[in-house]
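Here's a quick briefing for anyone meeting this structure for the first time. Have a look at the model, then read on.

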Amino acid sequence: RYEVGVELLSKMHADTKNTAEMRHLLASIPSKTSVGMAQLLPGEKTFNNGDILSDAITTASTNRAKILQAYQPNADAVNYNVIQTASRNENRELFKKDLVYVYHDVIDAIGDKRVSERRTFDAVKDAILELEKFIKLLHSSYNVANVLITADHGFLYNDEKLEDKELEKIPGDPFISHNRFFITKTKENNELGYTIPLQNTTAFNEEAYVHIPFATNRYKKGGVGHQFVHGGASLQELVTPLIISSRKRVEVSRKVNPSLLNKGKLRVVSNILKFNILQENEVSRLEKERTITIALYKDSNKVSNELNLVLNSTSEAPSDRLTNIELILDAAAVNESVLKLKVYDIEDSLNPLIDELVTNNTLLGQDF
């Protein structure tokens with residue numbers, strides 16, 4: 001889930017008015033939806049044999065708005081699908097409230113079902129696309145100043161189907177069990193995994209013990225899938241993203257800059273100029289993408305093809321921000337010995353970002 005958050009953040013950075021940053025949170029053990037959702041709500045929590053309560057109210061989805069309103073009267077909790085079917089005016093009224101929880105369930109809705117878990121990666125792509133559009137809509141159309149995006153837990157996914165012989169047997173007779181954990185009311189010996197008191201990783205005070213297998217092993221559990229799983233204590237299941245997003249009324253003025261790696265050594269050979277453009281920094285909350293135009297010039301006249309390049313990489317690795325460029329010299333300029341390589345911001349054709357001398361080593365014999 002954290003990797004999904006990183007990819008979502010990179011999409012948000014492309015919005016020139018968005019200023020978003022990412023932190024992290026730790027999910028509970030077990031990293032289970034009902035437990036994680038309860039931890040994200042206010043109130044005194046009670047495990048209640050798995051039917052979790054907050055201030056003696058069940059934390060099932062139909063009661064979450066009621067729990068919020070006990071602490072913030074002008075609050076609400078809704079499912080994303082409700083917003084999708086509501087009118088724009090209805091949504092505007094909703095987001096006038098001081099606090100709104102929106103539950104977006106695309107990845108788990110697909111991954112948690114045995115018949116569809118193989119489509120997990122498709123669900124991830126859909127979730128990123130939907131959330132990118134939704135967050136922008138919240139800021140621009142519904143005037144929401146601050147948006148927090150997080151998750152109740154992470155997940156593990158194996159692209160290959162696991163055979164029954166690779167699954168571990170759940171020992172004893174626990175009162176709650178799944179494919180990545182089981183819970184007992186007394187401390188049991190767990191030779192093939194770890195035993196953790198429930199109250200050590202959650203807000204619950206009842207005495208119960210969570211048992212999880214070593215590494216990313218799964219327990220054998222009928223009726224569920226074993227490729228997409230959560231509930232255990234791997235980093236992928238426990239580390240969740242927290243994206244804090246806001247949007248300025250005007251564009252963030254600073255854009256990433258292009259840099260020429262072959263500076264001082266540019267030569268046209270056989271009518272072609274080859275060189276590399278580096279995007280100096282990754283796109284972030286403070287530096288936004290830039291579109292540049294690249295061409296060869298003689299004085300103010302363009303003498304090659306013109307290329308447009310979008311500098312929008314969010315990678316920290318410079319090699320991922322490097323682009324190979326090839327320009328083809330026009331036939332009318334083959335006899336010019338010195339040319340200029342000019343790179344402009346597409347929105348400013350007067351002030352070049354790069355203005356570099358180029359030597360023309362092309363030799364072209366006369367046809368006649």
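A residue is called buried under 20% relative accessible area, exposed over 50%, and partly exposed in between (1.4 Å probe, protein chains only). What you're looking at is a predicted model, where local features need pLDDT of at least 70, side-chain atom pairs count only at pLDDT 80 or more, and totals for chains, interfaces and linings use all residues. Residues are numbered from 1 along each chain as its sequence is written, and side-chain values use heavy atoms, with hydrogens and water left out.

**The whole chain**
- The chain has 9 helices and 23 strands; these are DSSP runs numbered from the N terminus, with helices being H or I of at least four residues and strands E of at least two.
- Its radius of gyration is 28 Å, while a compact globule of 368 residues would come in near 21 Å (taken over C-alpha atoms, with the globule rule being 2.2 Å times the number of residues to the power 0.38).
- Along the principal axes, the C-alpha atoms fit a box of roughly 95 × 55 × 30 Å.
- Of the 368 residues, 44% are buried.

**Helix 7**
- The 21 residues of helix 7 should span 30 Å at 1.5 Å a residue, and the end C-alpha atoms are indeed 30 Å apart (the expected span is 1.5 Å times one less than the number of residues).
- Buried residues in helix 7 include Thr120, Val124, Leu131, Phe134 and His139.
- The buried residues of helix 7 sit on the same side, because they cover an arc of only 150 degrees around the axis (judged by the directions from the helix axis to the C-beta atoms).
- Turned away from that buried side, the other face of helix 7 carries exposed Lys125 and Lys133.

**Loops with unusual backbone**
- Isoleucine 29 and proline 30 are joined by a cis peptide bond, with omega about 10 degrees.
- You'll find proline 30 in the loop between strand 1 (18-26) and helix 2 (33-39).
- Asparagine 143 isn't a glycine, yet its phi is positive, about 55 degrees.
- Asparagine 143 sits in the loop between helix 7 (120-140) and strand 7 (147-149), and counts as exposed at 64% relative accessibility.
- Asparagine 271 also has a positive phi, near 70 degrees.
- The loop holding asparagine 271 runs between strand 16 (267-269) and strand 17 (272-279), and asparagine 271 is partly exposed at 22% relative accessible area.
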